[in-house]
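Welcome! Have a look at the sequence and the structure shown here, and then let us walk through some of the details together.

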Amino acid sequence: MTDRPRTRSETFARAEERGRHLTATILSGPDMLTGEIFAHRLGLTVSDLHDLEQAHAVLVLPESSPREARYPAWQIDATGQPFPVPPALFDTLGDSGWTIYRFLMQSHPELAGQTALEALRDGRVHWSSGLPTALRKEP
C-alpha cells in the first residue's frame, strides 16, 4: 500500500519537497562550480563574473543564498572562454537561470531528440536570434 497524500496541500508539499531535492542534487553535481571557482577558471574576479551574469553572458543557477549559487562548468570551452549562452535565450525565456538550464538540458523533438545544448554546441542550429524557429511559440 502506498502512502498517498490525502489533501491537495499535502500533494503540493510533496511536490515542493521533490523540487527541493532535485535542486539540491543538481547543484551538488561535480559539474556545478561556485562563483569563486568559475571566476578563477575564466581568469576573472568575482565582481567581473557578476557583470557577465548581469549581461546574461553566463548562466548561473541561483539558490537561497548568493554563496550557494552555482555555475555549470560546461559553460567553459576548451580555450577557457565562456561558452556563449545567447542573451536572446534570456530575452525569449525570461531571466530565470533555472528556466534557461532546463531548456538547454532537456531533449526536444524539434531538434531530433537532441538537447538544446547539444544543438547549440554542434552548430546545427543558428541561435543568433534566440530560439530556433521550430521551438518558437508564435502568438
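In this predicted model, the largest nonpolar core holds 19 residues, and the members that touch the most others are Leu59, Leu61, Tyr101 and Leu104. Several helices build this core: H1 (8–27), H4 (87–93), H5 (97–105) and H6 (116–122) each contribute at least two residues. Among the contributors, H5 gives the most, with five residues.

To get a feel for the packing, follow leucine 104. Setting aside neighbours within four places in sequence, leucine 104 is in contact with Leu59, Trp74, Leu89, Thr115, Ala116 and Leu117. Apart from this core lies another one, made of eleven residues, including Leu42, Leu49, Val60 and Ala69.

Next, turn to helix H2, which spans residues 35–42. Which residues of helix H2 are buried? They are Gly35, Phe38, Ala39 and Leu42. Looking down the axis of H2, you would find its buried residues within an arc of 100°, so they line one face of the helix. What do these buried residues of H2 pack against? Their partners are strand S1 (32–33), helix H3 (46–54) and strand S2 (71–72).

Both sides of H2 along the chain are worth a visit too. In the loop between S1 and H2 you will find threonine 34. With a relative accessibility of 19%, threonine 34 counts as buried, because the limit for that word is under 20%. The side chain of threonine 34 reaches the backbone nitrogen of isoleucine 37 at 3.2 Å. Beyond its neighbours within four places in sequence, threonine 34 is in contact with Ala69, Arg70 and Tyr71. On the other side, just after H2, glycine 43 takes a positive phi of about 75°.

Positive phi values also turn up at two residues that are not glycines, histidine 56 and alanine 112. The table sets them side by side.

| Residue | Phi | Place | Relative accessibility |
|---|---|---|---|
| Histidine 56 | about 60° | loop between H3 and S2 | 18% (buried) |
| Alanine 112 | about 55° | loop between H5 and H6 | 72% (exposed) |

So is histidine 56 buried or exposed? At 18% relative accessibility, histidine 56 counts as buried, whereas alanine 112 is exposed, at 72%.

Let us finish with charged side chains. Side chains of opposite charge can pair when their charged atoms come close. How many salt bridges does the count come to here? The count comes to one salt bridge. In a salt bridge, the side chains of glutamate 17 and arginine 20 meet at 3.0 Å, N to O. Where do these two residues sit relative to each other? Glutamate 17 and arginine 20 are three residues apart in helix H1, which means that about one helical turn separates them. With a relative accessibility of 43%, glutamate 17 is partly exposed, and arginine 20, at 48%, counts as partly exposed as well. Helix H1 therefore holds this pair, and H1 is also one of the helices that supply at least two residues to the largest core.

Key. Residues numbered from 1 in each chain as written. Predicted model: local features only at pLDDT ≥ 70, side-chain atom pairs only at ≥ 80, totals over all residues. Heavy atoms only, no water. Core = buried A, V, L, I, M, F, W, Y, C linked by side-chain atoms within 4.5 Å. Buried < 20%, exposed > 50% of the residue type's maximum accessible area, 1.4 Å probe, protein only. Helix = DSSP H or I, 4+ residues; strand = E, 2+ residues; numbered from the N terminus. Contact = heavy atoms within 4.5 Å. Salt bridge = Lys/Arg side-chain N within 4 Å of Asp/Glu carboxyl O. Arc of directions from axis to C-beta. Polar contact = N/O pair within 3.5 Å; in protein donor to acceptor, adjacent residues only side chain to side chain.
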